[in-house]
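This briefing is intended to be read alongside the sequence and the three-dimensional structure. Please keep both in view while working through the points below.

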Amino acid sequence: MLKIKNLIVNYGHVNAVKNISFDINKGEIVSILGANGAGKTSTLYGILKLVKEKRKLYFKENDISKENTQKLVKRGLILCPENRRIFPGLNVEENLKMGSFIRGDEKIIWKKCIIFFQF
Ligand SMILES: Nc1ncnc2c1ncn2[C@@H]1O[C@H](COP(=O)(O)OP(=O)(O)O)[C@@H](O)[C@H]1O
Ligand SMILES: [Mg+2]
């Protein structure tokens, strides 16, 4: 469903993500494990163009490498914020589904979207 190819994220001369590739298939739950500072957050931010990155991105075989964050969310790539950035007035499910508000398909979001979250 989603193919991430050769993702690199640099902050100045800090190389946070060093050329990684992986796929996320329909129905899969994928976990990225690593020590503090290993690059987990930078990986998600790089996929969603929230930081300067270099990568190729394919969603359902379409090349969406150049699309901006807003377009990616509309396509169904949704990032649930971590730690104190979540919405305290919303419950867990509502926080996870937050990206659906821009899509207007809250009821079927679980079938159509990839939700990224961190804890
Ligand atoms: N905005 C930033 N500016 C400079 N360096 C950063 C920034 N964000 C993260 N880093 C560095 O990038 C590396 C990966 O960080 P991060 O992706 O936050 O790791 P994790 O989420 O696995 O703890 C670390 O060395 C971190 O210090
Ligand atoms: Mg992190």
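L90 is found in the loop that runs between β5 (77-79) and α3 (92-96). The model in which L90 is placed is a predicted one. L90 is partly exposed, as its relative accessible area is 30%. Together with F87 and F101, L90 makes a nonpolar surface patch of about 290 Å².

**Strand β1 and its partners**

- Strand β1 covers residues 2-11 and strand β2 covers residues 14-24; these strands run antiparallel and are joined by eight bridges.
- In this pairing, L2 has I24 of β2 as its bridge partner.
- Further along, I8 stands opposite K18 in β2.
- The hairpin of β1 and β2 has two residues between the strands, and G12 takes a positive phi near 60° there.
- β1 also pairs with strand β3 (residues 53-59), again in the antiparallel sense, over six bridges.
- Within that second pairing, V9 stands opposite E53 in β3.
- K5 likewise has a residue opposite it in β3, namely K56.

**Strand β3 and the turn to β4**

- What is the pattern of the side chains along β3? They alternate: E53, R55, L57 and F59 point to one face and are buried, while K54, K56 and Y58 point to the other face and are not buried.
- This pattern can be read against a general rule: in a regular strand the side chains alternate between the two faces of the sheet.
- β3 pairs with strand β4 (residues 62-63) in the antiparallel sense, and two bridges link these strands.
- In this pairing, Y58 stands opposite D63 in β4.
- Two residues lie between the strands in the hairpin of β3 and β4, where K60 takes a positive phi near 50°.

**Positive phi outside glycine**

- N6 has a positive phi of about 55°, although N6 is not a glycine.
- The place of N6 is in strand β1, and N6 is partly exposed, with a relative accessible area of 40%.
- K49 is also not a glycine, yet K49 has a positive phi of about 60°.
- K49 lies in the loop between α1 (40-47) and β3.
- Is K49 buried or partly exposed? At 28% relative accessibility, K49 counts as partly exposed.

**Cysteines**

- In general terms, a disulfide is a covalent bond between the sulfur atoms of two cysteines.
- How many disulfides does the structure hold? The structure holds zero disulfides.
- C80 is in no disulfide, and the nearest cysteine sulfur, that of C113, is 13 Å away.
- A disulfide requires the two sulfur atoms to be within 2.5 Å, so the separation of 13 Å between the sulfurs of C80 and C113 does not qualify.
- C113 is in no disulfide either, and the nearest cysteine sulfur to that of C113 is that of C80.
- C80 is buried, with a relative accessible area of 6%.
- C113 also counts as buried, at 11% relative accessibility.

**Two further buried residues**

- Q118 is placed in the segment after β6 (114-116).
- At 14% relative accessibility, Q118 counts as buried, because buried means under 20% relative accessible area.
- Which residue does the side chain of Q118 contact? The side chain of Q118 makes a polar contact with the side chain of T41, at 2.7 Å.
- S65 is found in the loop between β4 and α2 (69-75).
- S65 counts as buried, at 8% relative accessibility.
- S65 and K5 are 60 residues apart along the chain, and their C-alpha atoms are separated by 9.7 Å.
- K5 was named above in the pairing of β1 with β3, where K5 stands opposite K56.

How values were computed:
Residues are numbered from 1 along each chain as its sequence is written. Chains are lettered from A and ligands numbered from 1 in the order in which they are written. This is a predicted model: local features need pLDDT of at least 70, side-chain atom pairs count only at pLDDT 80 or more; totals for chains, interfaces and linings use all residues. Side-chain values use heavy atoms; hydrogens and water are left out. Patches are made of residues with over 30% relative accessible area and no salt bridge: like charges are joined within 9 Å, nonpolar side chains (Val, Leu, Ile, Met, Phe, Trp, Tyr) within 5 Å. Accessible areas come from the Shrake-Rupley method with a 1.4 Å probe; for residues, only the protein chains shown count as cover. A salt bridge is a side-chain nitrogen of Lys or Arg within 4 Å of a carboxyl oxygen of Asp or Glu. Helices (H or I, at least four residues) and strands (E, at least two) are DSSP runs, numbered from the N terminus. Buried means under 20% relative accessible area, exposed over 50%, partly exposed in between (1.4 Å probe, protein chains only). Two strands pair if DSSP finds at least two bridges between them. A polar contact is a pair of N or O atoms within 3.5 Å; within protein, one must be able to donate a hydrogen and the other to accept it, and residues adjacent in sequence count only if both atoms are side-chain atoms.
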